[in-house]
Amino acid sequence: MTLFRGTVIDTPDDPFAGGVLRATSDAGLLVRDGVITERGDFADLRARHPEEGVVDLSDGLVLPGFVDTHVHFPQVRAIGGLGLPLLDWLEQVALPEEARLSDVGYAESVAGDFVSGLAQAGTTTALVFGAHFAPAVDALFTEAARVGLRVTSGLVVSDRLLRPELLTTPRRAYDEGKALADRWHGVGRNRYAVIPRFSLSCGDELLNSCSQLLDDVEGGWFTSHINENTREIATVARLFDLSHYLETYDRHDLIGRRSVLAHNVHPTDQELKVIAARDASVSHCPSSNSALGSGLFPLTRHLAYGVRVALGTDVGAGTGFSLLKEALQAYFMQQLLNEQGYQLEPVHLLHLVTTAGADALGMADQVGDLSVGKRFDAQWLKPRAGTTFDVALRNATGPEDALAKAFTLGTTADVERVWVDGEALALS
Ligand SMILES: [Zn+2]
């Protein structure tokens, strides 16, 4: 067993439902076989367990590991393609890079960059858009397992309107997806997700094969994009002759508790109603929405309809792996919406990048906060002495203020250590 000591901050109670921040200075967390077995005042725990090894994290903050609910494995090297709207950015920046992952050696190298990028950002759990090539998805799962992250991912499929080397057929999509799921779903910390890229690039037959695969992978997940950009939405409406984007997935029974829809910047009320009724989740990706000029996410409307919302970095349209930065951007965008925005406080930001993400991914019973009974998936934020973040943290007036400093000033460079199941990850 190990006794971790530090200032521990988490959000076991949903702040959108009145929950408040839980912060304990000089807390002790006793961890056995990866699970938190006791939590309390450090001195008390130390007195009762004098024989256990202590890991002292007293400087800085101990937070739950972050949960990224939308991030693209093949786009890590495409980060920074600024100045284009969605469909042009895909064609000119993202898809040429995604095509390079047909080379398995290249894909393995990108998998290394990608998984280390997540870990260095304090992200311990992620729902990942995989690649269009099955061997590249193998490379991702292999690397995630080696490093120790909790990854849900799968083959990305499309059968129209993208460059030809990224296209597949309904039959091949099913077969390759099933083989990947057989190899990786439920193996270690990996889980499989069925991933049509978006309805724009997927016809009904392909979406139907996705539905069959989802049926055949027990406990499998579903993720895709929706309502990101007005030109995309208009094209989907024309291709399917439908007025609700969601219907393109829903009529194939792809929307349920294990579905996560990325973006949803421009939903209709009817779509929000159906997403809530299906108990599905939405991944809000504010830096991507800003970079591509997609729009201002209507968080208040999602909450009003009872839709579960978490955050995603959407690398590489997003601007990096840091969910600290992503949460700050979410805050900025709600501010810009003025009276239509939701006044996000530090407790909401932490919730969105931890417990809300765990809930969206059906893992709230295991991770997301640092309660007794949960896995010790955690990170230690420890700014370098003398940096502005360090100065701000030392002068914080309390835990809410310290957390506000972390979201405002913290970067991936301040993530000193990261644990999954109580094991420290090698951050390279
Ligand atoms: Zn995306």
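A residue counts as buried when its relative accessible area is under 20%. In this predicted model, Cys202 easily fits that description, with a relative accessible area of 0%. Cys210 is buried too, at 3% relative accessibility.

So what about a bond between these cysteines? A disulfide needs two cysteine sulfur atoms within 2.5 Å. The cysteine sulfur closest to that of Cys202 belongs to Cys210, and because the gap is 6.3 Å, it's too far for a bond. Cys210 is likewise in no disulfide, its nearest cysteine sulfur being the one in Cys202. The count for the model comes to zero disulfides.

Next, the nonpolar cores. In soluble globular proteins, nonpolar side chains tend to be buried together. Here the largest nonpolar core takes in 106 residues. Within it, Phe73, Phe114, Leu149, Tyr192 and Tyr249 touch the most other members. Another core, of 14 residues, lies apart from that one, and its members include Leu57, Val62, Trp380 and Trp419.

Phe114 also turns up where two helices meet, as one of the helix 3 residues in contact with helix 4. Two packed helices are described by the angle and the distance between their axes. For helix 3 (residues 104–120) and helix 4 (residues 134–147), the axes come within 9 Å and cross at roughly 35 degrees. That crossing is right-handed. On the helix 3 side, the contact is made by Val104, Ala107, Glu108, Ala111, Gly112, Phe114 and Val115. Facing them from helix 4 are Pro135, Ala136, Ala139, Leu140, Glu143, Ala144 and Val147. Sorted by class, this contact has 11 nonpolar residues, one polar and two charged.

Key
Residues are numbered from 1 along each chain as its sequence is written. This is a predicted model: local features need pLDDT of at least 70, side-chain atom pairs count only at pLDDT 80 or more; totals for chains, interfaces and linings use all residues. Side-chain values use heavy atoms; hydrogens and water are left out. Axes are lines fitted to C-alpha atoms, for helices over the stretch in contact, and angles run from 0 to 180 degrees between N-to-C directions. Helices (H or I, at least four residues) and strands (E, at least two) are DSSP runs, numbered from the N terminus. A crossing is left-handed if the near helix is turned anticlockwise from the far one by less than a right angle, and right-handed if clockwise. Contact means heavy atoms within 4.5 Å. Ala, Val, Leu, Ile, Met, Phe, Trp, Tyr, Cys and Pro count as nonpolar, Asp, Glu, Lys and Arg as charged, and the others, Gly among them, as polar. A nonpolar core is a set of buried Ala, Val, Leu, Ile, Met, Phe, Trp, Tyr and Cys residues joined through side-chain atoms within 4.5 Å. Buried means under 20% relative accessible area, exposed over 50%, partly exposed in between (1.4 Å probe, protein chains only).
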